[in-house]
Amino acid sequence: MSGSLFVISGPSGVGKASVLKALMPKCPDLHYSVSATTRAPRRTSQGTVEQNGVEYFFVSKEAFEKMIAQSEFLEWAEFNGNCYGTPRAYVEKLLAEGKSVVLEVETKGAGQVRALLPEAKLIFLVPPSMSELKDRLEGRGTEDPEEIAVRYEIANGEMETAALYDYQVVNDVVERAADQIKDIIDVVRLSRG
Ligand code: 5GP
């Protein structure tokens, strides 16, 4: 039987990385798909620098375009001038083995996954409020002020797509949001037998 695919989206600054970090130990048999991106590695909120193969596979624009041409992405999209994509082979292999996979993608990519794999479950992580989102974006200190302004602008548009998702989870407290996502994953898997 094919495994279950979960997609998590949410505006920049909502805390997707923190929630996923809290979620993974709660779901030991859930596999996280590392995306490819043309964005440069940035500082993490823990003060370290993102590592190739951990947060992302960092690739050149040329390499990314070659991967598109060779149909290596399940989905890909441009976000704020950079490209991001989900490597197809890894996800398809795990699903074929009956395993569960989680992707973290922006809203256009989530739409592509839904069109391709309608049984995928889409989860939108919602900030407690837009002013809280702004505070978090400014407070994490990982982008410069212009980048923060653009990401906040994009976030407003992304929030409008939240209703298209199967589930909305408010990230007020990271552990609580991770627990809610775990419950969703457990229910989906149980219902699929
Ligand atoms: P960031 O630069 O903050 O790491 O990511 C920017 C946006 O790209 C976030 O909304 C993130 O969820 C999204 N993203 C990360 N990986 C992928 C991917 O493989 N595909 C798509 N479509 N979006 C992604």
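Which residues does Glu-75 touch, not counting residues up to four places away in sequence? I put this to the model, which is a predicted one. I found Tyr-84, Gly-85, Thr-86, Val-105, Gly-109, Gln-112 and Val-113.

**Entry 1: Glu-75**

I placed Glu-75 in strand β5, which covers residues 73-79. I then looked up its burial and charge pairing. Glu-75 is buried, and I found no salt bridge for this residue. Lys-108 carries the nearest side chain of opposite charge, at 9.0 Å. A salt bridge would need a side-chain nitrogen of Lys or Arg within 4 Å of a carboxyl oxygen of Asp or Glu. I did find a polar contact, at 2.5 Å, between the side chains of Glu-75 and Thr-86.

**Entry 2: the sheet that holds β5**

I traced an open sheet of four strands in the order β4-β3-β6-β5, and I noted its pairing as mixed. Why is one side of β4 and of β5 left without a neighbour in the sheet? Both β4 (56-58) and β5 stand at the edges with a single partner strand each, so one side of each has no neighbouring strand in the sheet. On average, neighbouring strands here are turned by 25° against each other, direction ignored.

Within this sheet I checked the pairing of β3 (residues 35-37) with β6 (residues 82-87). These strands are antiparallel and pair over two bridges. Thr-37 stands opposite Tyr-84 in β6; Tyr-84 is also among the residues that Glu-75 touches.

**Entry 3: the five-stranded sheet**

I next followed a second open sheet, with five strands in the order β2-β7-β1-β8-β9 and parallel pairing. Its edge strands are β2 (30-32) and β9 (167-170), each of which pairs on one side only. The average turn between neighbouring strands of this sheet is 25°, direction ignored.

I looked more closely at β8 (residues 121-126) and β9. The two run parallel and are joined by four bridges. Val-126 stands opposite Val-170 in β9.

**Entry 4: helices on the five-stranded sheet**

Which strands does helix α4 lie across? I recorded β1, β7 and β8 for this helix, which spans residues 107-116 and runs at about 160° to β1. Gly-109, Gln-112 and Val-113, which I had listed as touching Glu-75, fall within the residue range of α4.

Helix α1 (residues 16-26) lies across β1 (5-9), β2, β7 (100-104) and β8. I noted its direction as about 145° to β2.

Technical notes. Residues are numbered from 1 along each chain as its sequence is written. This is a predicted model: local features need pLDDT of at least 70, side-chain atom pairs count only at pLDDT 80 or more; totals for chains, interfaces and linings use all residues. Side-chain values use heavy atoms; hydrogens and water are left out. Buried means under 20% relative accessible area, exposed over 50%, partly exposed in between (1.4 Å probe, protein chains only). Lys and Arg count as positive and Asp and Glu as negative; His and the chain ends are not counted. A polar contact is a pair of N or O atoms within 3.5 Å; within protein, one must be able to donate a hydrogen and the other to accept it, and residues adjacent in sequence count only if both atoms are side-chain atoms. Contact means heavy atoms within 4.5 Å. Two strands pair if DSSP finds at least two bridges between them. Axes are lines fitted to C-alpha atoms, for helices over the stretch in contact, and angles run from 0 to 180 degrees between N-to-C directions.
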